[in-house]
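Colleague: I have just opened this one and would love some help finding my way around. Could you pick a single part, take a close look at it, and then show me how the rest is arranged around that part?

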Amino acid sequence: MRLVMFALLALVLATGGQAENSAPATQLEQQAPQIDYAGFAVLTEEVAQLRQERLLPKDAFFERAAAEGALLLDTRSAAAFATGHIEGAVNLPFSDFTDDKLAEVIGEDRDRAIYIYCNNNFSDNAFPIALKKAPLALNIPTFINLVGYGYENVWELGEEVSVSDINWSSDGTIAPQLSK
């Protein structure tokens, strides 16, 4: 993986910081060097195959997520998490991803197994989960960002399940009939 990252970095440097098929940065983009769309595009391409290899069927996902030391990570907003989340999940909203916050929630072990899911893993479009547009499903940028921050042991729920098949937990704001 490090060799692939080195090769991609060399490609980006050789192309003046631009991904192979991306347009040159506009003048405004050059004035915001902390926003690197071309770098994100390269990372997205790099992570695509790894993500395909890390999609798990429901039973394997939940069995492995329950293992000692594993982290079931919910990256929805704090409000959505409070309304209802998979029992045992820990919340770190995607918008709060930084090196420090990730280390605080995940720990210093960058090889820790991390299991992620999102709204679009649920087929019902029912409370407490609302579907998003498929290309914008939160698990996609979550996976990319976790790998980009150096956490490569990420696994994703790879199939749809029914809301009624999950043990839900909440802060008490949801109806008890959601709990299995």
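Modeller: Happy to help; here is a walk that starts at one helix, H7, and moves outward from there.

Please keep in mind that this is a predicted model. To set the scene, the protein chain has 7 helices and 7 strands, and along the sequence they follow the pattern α-α-α-β-α-β-α-β-β-α-β-α-β-β. Of the 180 residues in the chain, 37% are buried. Among contacts between residues at least 6 apart in sequence, 67% join residues at least 24 apart.

Now to H7, which spans residues 139–148. This helix is mostly covered, with 7 of its 10 residues buried. Those buried residues are Asn139, Thr142, Phe143, Ile144, Asn145, Leu146 and Val147. They pack against helices H3 and H6 (99–106), and also against strands S2, S5 and S6.

Let us take H3, residues 37–53, among these neighbours. The axes of H3 and H7 come within 9 Å and cross at roughly 100 degrees, so H3 is roughly perpendicular to H7. On the H3 side, the contact involves Phe40, Leu43, Thr44, Val47, Leu50 and Arg51. On the H7 side, the residues are Asn139, Ile140, Phe143, Ile144, Asn145, Val147 and Gly148. Sorted by class, this contact has 8 nonpolar, 4 polar and 1 charged residues. Just after H7, glycine 150 takes a positive phi of about 100 degrees.

What leads up to H7? The loop between strand S5 (114–116) and H7 holds proline 128, and asparagine 125 also has its place in the loop between S5 and H7. Most residues other than glycine have a negative phi, and most peptide bonds are trans. Against that background, a cis peptide bond joins phenylalanine 127 and proline 128, with omega about 10 degrees. Asparagine 125 has a positive phi, near 50 degrees, and is partly exposed, with a relative accessible area of 46%.

The strands S2, S5 and S6 that pack against the buried residues of H7 bring us to the sheet. Here 5 strands form an open, parallel sheet in the order S1-S6-S5-S2-S4. Strands S1 (55–56) and S4 (90–91) stand at the edges with a single partner strand each, so one side of each has no neighbour in the sheet. At the S4 end, S2 (residues 71–74) pairs with S4 in the parallel sense over 2 bridges. There, aspartate 74 has asparagine 91 of S4 as its bridge partner.

Finally, consider how the nonpolar residues gather. In soluble globular proteins, nonpolar side chains tend to be buried together. The largest nonpolar core in this model has 19 residues, and Phe61, Leu72, Ile86, Tyr115, Tyr117, Phe122 and Trp168 touch the most other members. Helix H4 (58–65) and strand S6 (154–157) each supply at least two residues of this core. For a close view, try tyrosine 117: setting aside residues up to four places away in sequence, tyrosine 117 touches Phe61, Leu72, Leu73, Asp74, Arg76, His85, Ile86, Ala89, Phe122 and Leu157. Apart from this core lies another, of 17 residues, including Val47, Leu73, Phe97 and Ile106. Val47 takes us back to our starting point, as one of the H3 residues that meet H7.

How values were computed: Residues are numbered from 1 along each chain as its sequence is written. This is a predicted model: local features need pLDDT of at least 70, side-chain atom pairs count only at pLDDT 80 or more; totals for chains, interfaces and linings use all residues. Side-chain values use heavy atoms; hydrogens and water are left out. Axes are lines fitted to C-alpha atoms, for helices over the stretch in contact, and angles run from 0 to 180 degrees between N-to-C directions. Helices (H or I, at least four residues) and strands (E, at least two) are DSSP runs, numbered from the N terminus. Angles under 35 degrees count as roughly parallel, over 145 as roughly antiparallel, 65 to 115 as roughly perpendicular and the rest as oblique. Contact means heavy atoms within 4.5 Å. Ala, Val, Leu, Ile, Met, Phe, Trp, Tyr, Cys and Pro count as nonpolar, Asp, Glu, Lys and Arg as charged, and the others, Gly among them, as polar. Two strands pair if DSSP finds at least two bridges between them. A nonpolar core is a set of buried Ala, Val, Leu, Ile, Met, Phe, Trp, Tyr and Cys residues joined through side-chain atoms within 4.5 Å. Buried means under 20% relative accessible area, exposed over 50%, partly exposed in between (1.4 Å probe, protein chains only).
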